[in-house]
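Work through the exercises below with the structure open. Try each task before reading its solution.

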Amino acid sequence: MNTYQYASISETKKTDAINVTLVSQLKEYVDRTVIMHGSVYKIRKMKGFSFLILRTARFCIQCVCDDQALLNELQEEACVRMVAEVVREERARLGIELHVKQITVLSGPSAQMPIVINGKVMETSLENKLDYRPLTLRNEKERAIFKIQEGIVRGFRSYLQENGFTEIHSPKIVYAGAEGGANIFRLDYFGREAYLAQSPQFYKQMMVGVFERVYEVGPIFRAEKHDTSRHLNEYTGMDFEMGYIDSFRDVMEMETGMLKAAVTELEREYGPELELLGVRLPHIREIPSLKFSEAKALITERTGRIFRESHDFEPEEERLLSEIVERETGSEFVFVTHYPAEKRPFYVMEDPENPGETLSFDLIFRGLEITTGGQRIHDYGMQLQKLCDRGMDPEAFESFLMMHRHGMPPHGGLGLGLERFTARLLGFENVRQACLFPRDINRLTP
Ligand code: AMO
């Protein structure tokens, strides 16, 4: 460990230095001496002095140092404790800068950085960024993405808490897939076949019978075999489920309120990161909604294009639909309802007035589906019949059916993909950019 003019605790007391951990408090200490810790993000040598950028938990602070001997030995990415005077400096981003008095190196790097992380923008491919993720996340813009992501989750959580929801944690090793399809990871569970949860679907429904309104933020596993810009093999699901609904539109209303709350949370608490990344937050008023069949017709009418997939949207259709809706209503969000039953899982309620259409919806934001939700079957006989109609074995779903058999209120809910929402909010083309350590068909590290 290298020590530079190490100040013992008694010495720092002598200098009347104040230990400051929150940079937001620094402005209160102008003209006083403080002790800060952080990493040396960048050293910029000038004539006779150097700028040193200290990367702290949330902010990068400009520091001025004129001790040449100290600077000669100091390396970028060293973890330091610094004694410095807080000086008002309007030209600095935070309105203050630190004039360095002492630096103690707590731990220095032992190797050359394999990638430049302290430029204004990181000029490297996404693959490279992901390969060196433990380091590239230290870049102030890269880490700002995930601070904003924290804000989204905070908004989701606090809005649902305020609305009487209980947070739950459901198992991720499960006995059956909830969403159907081939994208399920199988595993050997002490000689029995088990799966990684494709969603918390069964459990959040069961917990409606217990808490009435529940939500979960947790990992979701999908064995996607295609390498696309919108699919991850592990992503973070923000799910909620609510009982005693009159219609699936109650769920859409709850989501609209939750999204507004998340945007407000970001505006209130995440200004520095939004500014750093130049984020344009959406203005959410009423979110327009149209039926799946109407949306298909609208796309064809406005663009003259007909798409092959008739029970779902192709990615290009979602993009076109978003463009049309934004142009015609000003909304960057659009709900699409009444998806055909063929493409929806077995727990989804069909429209009694129009069987074949489901009481379900997707939410499309800036050209990408970010949510699926809807009303569920709560009646035992109806759920049993649906399983049989689909050629599924009711015995395999015994514990799921247990709740139906013993009384469930009308209920519905949704699942929102955190990475997809973050990516669209920040204008990223690839969902991996909004995932700390993405898992895709080619990537298992870091
Ligand atoms: P669904 O399968 O549509 O619905 O998933 C819900 C939302 O999760 C996100 N998502 C993904 N994000 C990244 N990579 C993936 N491979 C991926 N797959 C899905 C999307 C999607 O809208 N149980 C239902 C939800 C419900 O009805 O409550 C479900 O899982 O944003």
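## Exercise 1: The ligand and its surroundings

**Task.** Find the polar contacts listed here for the ligand, then describe the shell around the ligand.

**Solution.** Keep in mind that this is a predicted model.

Step 1. Start at Thr-372. An N or O atom in its side chain is 2.7 Å from an oxygen atom of the ligand.

Step 2. Turn to the backbone. A backbone N or O atom of Thr-371 lies 3.2 Å from a ligand oxygen. A polar backbone atom of Gly-417 is also 3.2 Å from an oxygen atom of the ligand.

Step 3. Look at the cover. Alone, the ligand exposes 620 Å², and the protein buries 93% of that.

Step 4. Find the elements. Helix H6 (201–211), strand S16 (368–375) and strand S17 (411–417) each give two or more residues to the shell. S16 gives the most, with five residues.

Step 5. Go through the residues. There are 22 around the ligand, and Glu-179, Gln-201, Lys-204, Glu-369 and Thr-372 come nearest. By class, the shell has five nonpolar, nine polar and eight charged residues.

## Exercise 2: Two packed helices

**Task.** Are H11 and H12 roughly parallel or roughly antiparallel?

**Solution.**

Step 1. Locate helix H11 at residues 380–389 and helix H12 at residues 398–405.

Step 2. Take the geometry. The helices pack at an angle of about 150 degrees, and their axes are 8 Å apart.

Step 3. Apply the cut-off: angles over 145 degrees count as roughly antiparallel. H11 and H12 are therefore roughly antiparallel to each other.

Step 4. Name the contact residues. H11 brings Tyr-380, Gln-383, Leu-384 and Leu-387. H12 brings Phe-400, Leu-401, His-404 and Arg-405. By class, this contact has five nonpolar, two polar and one charged residues.

## Exercise 3: Backbone exceptions

**Task.** Which peptide bond is cis, and where does Glu-77 lie?

**Solution.**

Step 1. Recall the rule. Most residues other than glycine have a negative phi, and most peptide bonds are trans.

Step 2. Check the peptide bond from Thr-445 to Pro-446. This bond is cis, with omega near -5 degrees. Pro-446 sits in the segment after helix H13 (418–426).

Step 3. Check Glu-77. Its phi is positive, about 75 degrees, although Glu-77 is not a glycine. Glu-77 lies in the loop between helix H2 (68–73) and strand S5 (79–88).

Note on methods:
Residues are numbered from 1 along each chain as its sequence is written. This is a predicted model: local features need pLDDT of at least 70, side-chain atom pairs count only at pLDDT 80 or more; totals for chains, interfaces and linings use all residues. Side-chain values use heavy atoms; hydrogens and water are left out. A residue is near a molecule or strand if one of its heavy atoms lies within 4 Å of it. A polar contact is a pair of N or O atoms within 3.5 Å; within protein, one must be able to donate a hydrogen and the other to accept it, and residues adjacent in sequence count only if both atoms are side-chain atoms. Accessible areas come from the Shrake-Rupley method with a 1.4 Å probe; for residues, only the protein chains shown count as cover. Helices (H or I, at least four residues) and strands (E, at least two) are DSSP runs, numbered from the N terminus. Ala, Val, Leu, Ile, Met, Phe, Trp, Tyr, Cys and Pro count as nonpolar, Asp, Glu, Lys and Arg as charged, and the others, Gly among them, as polar. Axes are lines fitted to C-alpha atoms, for helices over the stretch in contact, and angles run from 0 to 180 degrees between N-to-C directions. Angles under 35 degrees count as roughly parallel, over 145 as roughly antiparallel, 65 to 115 as roughly perpendicular and the rest as oblique. Contact means heavy atoms within 4.5 Å.
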